[in-house]
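Q: Please take a close look at the aromatic rings here. Walk me through the pairs and what surrounds them.

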Amino acid sequence: MKTNNSLPLSGVRVVDFGQQIAGPAVAMVMADLGATVIHIDPPLGPSWDHPANAVLHRNKSIVKLNLKTNEGRAQALALIAESDIVLESFRPGTLKRLGIDFEALRADRPELITLSIPGFASNDSLRREWKATEAIVAATCGAFTDMGFNRVLMGLNPSFSPLPLGSSYTITLSATSLVLALREREQSGRGDHIEVPVAAAMMEGLSYNSYVVEGLPERYKTMREHEIEHRRNNHLPFDVSYEALQEYLDPFYRTYECADGRMFYCVCPSHRNHAKRALKVLGIYDDLLAEGLPEVNDLHAPISEWDGETSIGVYPLPKKWADIISAKMKEAFLKKSSEEWGRIFGEEKIPGASHRTTQEWVNDDHTNKAGLIVEVNDPEYGVMKQPGPITWFEGMDEAILHPKARKAVSFEEALAELKTIAGSEEIKRPTGQDIKPASGNGWLDGVRILDLTNVIAGPHSTACLARFGAEVIKLDTVKPMYDPLIGTLFSFQTSVGKSSALLNIMTDEGREAFNRLVKSVDIVVINAPERQMATLGLDHESLQAVHPGVLFCRLDCLGGPRPGPKTNYIGYDDIIQANSGIMSRFGGPETPEEHAHLGTLDVNCGFAGALGMALALYDKLKTGRVARARTSLSAVTNIAQLPFAFDYEGRDPFNEPSGRGVLGYDAYSHFYQTLDSWIYLDALESDVSKLASIEGLEELSNTSDPYSVLREALSHAPSEYWINKLRATGLAVAEQQSIELLRSKYTRKADGKVDLHSGSFAFSMYENHPSGHCVTMVDQYAIRPSEAKIFGVTPAERWGESTREILTAVNYSSEEINSMLDNGIAGLGWSKEFLPS
C-alpha cells in the first residue's frame with residue numbers, strides 16, 4: 001500500500017502546560033503524530049525531575065515562563081493566541097488563578113480547544129483539592145487493593161505497583177478526545193473544552209476488575225477462587241507461598257521453567273485450537289488422549305448437557321485435568337530454552353512468550369526493528385532508546401520513527417515557530433461569523449463502524465467510540481472460537497453500545513453479505529496479525545475494491561510501524577506483560593507474576609485503537625487520505641512503563657520497585673499501617689522539614705532510618721488523624737480504598753445516561769441485563785466535553801440478537817435471511833443462554 005507520508009496532525013499547534021506524566025505525554029502523542037508543540041515549564045524547570053522527561057518532551061520546543069509575573073502571563077497568552085489546542089494537568093482552578101482562564105479564552109476564540117487533566121474531577125468536591133500524585137490516585141481508586149486472586153491467597157494487602165496506570169489510560173483517552181474535537185472543528189469551526197480526570201480514566205482502565213455479575217455460574221470460577229472461598233468459609237489463613245500458588249493456576253495460563261533456567265509464560269486458555277497446538281508442539285497431546293482427555297463439542301452449551309467432563313479450550317479446567325496437564329507441561333518445557341520455546345510458539349501460532357526484563361525489552365531485536373523502540377539523540381543523555389509511537393498509519397514509518405530531541409527555546413523563538421506554522425495553514429473550516437453554534441451532538445454522530453474483533457483490546461476500541469454516537473455493528477462467526485468466559489462474559493464490557501450479528505464470511509454467500517456491510521460503513525476494524533489480511537480480504541486493495549474510501553484499523557500483539565521478527569506472532573495482554581518486563585517487576589525477576597489488573601494493557605490498546613480510528617476520520621475529512629490505522633499491545637506497554645522504558649549509555653540501573661514485598665518507592669513514598677487502616681504517603685526527601693513539623697514526627701529531622709520512624713509513629717493514631725495533619729502541611733496522602741467500597745458508594749440504577757456530574761466515580765447497575773443477571777459496571781465517563789454529548793451506551797446484546805435487522809438494512813429479504821440461517825451462513829445465537837450455566 002502506498003500512502004501520503006505526511007503525519008496526520010501536521011499543522012496543528014499545541015501549547016502544553018502539563019507537568020508530571022499524563023499532561024506532557026498527551027502532548028507527546030500529538031507531537032509524535034505531527035503537531036507543533038510548545039511546552040511551558042516554570043522558571044526552575046519541570047516539577048518532576050526525571051530522565052523520562054527526555055521522552056515526554058521529544059518533538060517539542062520548551063520555554064520557561066513565570067506565570068506569576070505580568071510578563072510571563074502576557075507571553076503565555078501570546079503563545080495561546082497562535083495555538084489550536086491548550087492543555088494543562090493541574091488541580092482544578094490552578095491555571096485560572098495564574099491568569100490563564102480557558103472559559104474566557106474560548107469566549108474570545110470559540111475555535112480554541114482546551115483540555116484539563118486534573119487528578120480528580122473538578123466536580124469532585126471531596127477530592128478536587130488533593131495533591132493527586134500517581135500513587136495517590138491509584139490508592140484512592142482501589143488499584144493497590146484489588147490486585148488479584150494471587151495476592152489474596154498470599155495474604156498481601158495492600159500491594160504496590162510502580163506502573164503509572166492512571167496516566168497511561170489518561171494519555172490515550174485524552175489524545176482521542178482532542179482528535180475528535182479537531183474533527184468536529186473542521187465541520188463546525190467550533191472548538192470545545194474537555195476534562196479527563198486521571199481517576200476517572202483509571203476506573204475505566206480497571207473496568208474488568210470492577211464489574212460484578214450477580215449469580216455468576218460456578219463454571220466460571222477458577223481454582224484460585226474456589227480456594228479463596230474455602231479458606232474464608234473455614235477461617236483458614238491466607239498464607240499461600242508463590243511456589244504453592246502455581247498449582248492453583250490453569251495449565252494454559254501459567255509460567256514454566258525452561259532448560260536455560262528462565263521462565264516462559266503460556267497463555268492459551270479458552271481457545272480450542274491454541275491449546276491443542278501447544279500440547280502438540282510440547283509433544284504431549286497424544287499421551288493425554290491416551291489417558292482419556294475428553295473433548296466437548298459445544299462449549300457454549302450448559303455443562304449439564306456436555307458430552308464429557310471437560311475439554312481443552314475450557315477455562316478454567318477442573319483440578320483433576322489441570323494437575324495432569326500441568327505435570328506433563330512442566331516436564332516438556334524443561335527440554336528447550338525459553339528463547340527456543342518463544343520461537344516455536346510464535347511460528348506455530350500459539351500465544352506464549354519468554355519472561356524478560358524491561359531492559360531486555362527496550363534493547364530487544366524485534367522491538368527495535370519494528371519501531372516499537374526508537375532512537376533519539378537527546379541533548380542531555382545522548383543517543384537514547386525511547387518508546388515508539390502508540391498509534392500510526394500504515395506506510396508512514398519513516399515520518400513517525402525519527403523523533404526530534406527536545407530543545408530549549410526563548411519565548412521569541414517559540415512564538416515565531418507557532419506563527420510560521422499558522423502562516424502556512426490552508427484553513428477550510430468555518431471561521432469568524434461562519435462558526436456554527438454548539439450542536440450538542442456526539443462527535444461521531446452518523447459514523448458507522450464494522451467491528452470484526454474479539455477478546456478485549458479490539459472490541460474495547462469500538463465500545464469506547466460508542467459513547468460519542470458512533471453506530472457499531474459487531475460481526476462474529478456463526479460458530480464461536482472462544483469458550484463462554486472470553487467469548488461471552490468479557491463481552492458484557494466489550495459489546496456495550498453495539499448491535500450484534502453472526503455471519504460466516506468464509507463462504508461465498510457470507511462474503512457477499514460481508515461486502516454489503518462494508519459498503520454501508522465508514523470504518524472496518526479487526527485485531528489480527530498482518531498475515532491474515534489478504535486471506536480475509538481485508539488488505540487495502542481488496543477493501544477499496546468493495547468500498548472506495550472505507551477506512552480501516554488493525555490492532556495486534558507485537559506489531560509496530562515496521563516489520564520485525566515477531567510481527568506475525570499472536571498473543572494477549574499477558575504475553576506482552578511477560579515479554580516487556582511488567583511481570584518480572586510485579587512479582588520479582590525470579591518469581592514473575594501477572595499484573596493483577598485484568599486487561600492492564602488490553603484496555604489501553606483499545607483506547608489507542610479508538611485514537612487510531614479518530615485520526616483516520618479526521619485525516620480523511622481534512623486531506624481526503626484513506627488511511628489504515630494501527631496500534632498494538634506492544635506499543636501501549638511502553639506508556640504503561642514510561643518511567644522505565646528507555647535506555648542510554650551510563651543509565652542508572654533498572655532498579656525500580658519490584659517484587660511482592662515492596663510497598664512504595666522509598667521511606668517517604670510508601671504505604672504505612674495506621675491504628676485502623678492503611679495510608680499511602682507520597683512525599684519527597686526534600687519534604688522532611690514539613691514532616692518533622694508535625695507532632696509525633698519530629699524525630700525525622702535527625703534520623704538515618706526514616707522508614708522505622710514513620711512506621712512506628714503512624715501506627716499509633718487512626719488514618720483520619722494523620723491524613724488531616726499531613727494534608728494541612730501540603731503533603732500528598734490518601735487512605736487505601738477498594739473498588740468494592742467505591743462501587744458500593746457510587747452505583748446508581750442504569751438510566752440510559754452516563755454520569756458526568758457526580759465527581760470522580762460512577763457505576764451503573766443493570767438489573768435487567770440481557771444476560772438475565774444483575775450486572776454492575778463502571779460508566780464510560782472519563783472524557784467530559786463541555787459542548788459535545790456523551791451517550792450512555794446500551795448493555796451488550798445476546799450474540800446474533802440483531803442479525804435479521806442488520807441484514808435487512810443491507811437489502812436482504814426475509815426469505816433470503818431465513819435461507820442463510822437455515823444453511824448456517826448466518827446465526828441468531830451461540831447458545832440457549834446468553835451466559836451459559
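A: The aromatic rings come first, then the charges over rings.

This is a predicted model, where local features need pLDDT of at least 70, side-chain atom pairs count only at pLDDT 80 or more, and totals for chains, interfaces and linings use all residues. Residues are numbered from 1 along each chain as its sequence is written, and side-chain values use heavy atoms, with hydrogens and water left out.

A pair of aromatic rings is described by the distance of the centres and the angle of the planes. Here, rings of Phe, Tyr and Trp (its six-membered ring) pair if their centres lie within 6.5 Å; planes under 30 degrees apart are stacked, over 60 edge-to-face, and the rest tilted. That rule gives 27 aromatic pairs.

One of them joins Tyr672 and Tyr707. Their centres are 5.7 Å apart, with 35° between the planes, and the pair is tilted. This pair links distant parts of the chain, 35 residues apart. Tyr672 belongs to strand S23 (residues 669-673), and Tyr707 to helix H32 (residues 706-714). Helices (H or I, at least four residues) and strands (E, at least two) are DSSP runs, numbered from the N terminus.

How accessible are these two residues? Buried means under 20% relative accessible area, exposed over 50%, and partly exposed in between (1.4 Å probe, protein chains only). Tyr672 has a relative accessible area of 1%, so Tyr672 is buried. Tyr707 is partly exposed because its relative accessibility is 30%.

Next, take Tyr721 and Trp722. Their ring centres lie 5.0 Å apart. The planes stand at 80°, so this pair is edge-to-face. Tyr721 counts as partly exposed because its relative accessible area is 33%. Trp722 has 3%, so Trp722 is buried.

Rings also form a cluster. Ring pairs connect Phe144, Phe160, Tyr665, Phe671, Trp678 and Tyr680.

Charges meet rings as well. A charge sits over a ring if NZ of Lys or CZ of Arg is within 6 Å of the ring centre and within 35 degrees of the ring normal. The charged end of Arg516 sits over the ring of Tyr812, 3.8 Å from the ring centre. The charged end of Arg727 sits over the ring of Trp130, at 3.7 Å from its centre.

To recap, Tyr672 and Tyr707 make a tilted pair, whereas Tyr721 and Trp722 make an edge-to-face pair. Arg516 and Tyr812 bring a charge over a ring, and so do Arg727 and Trp130.
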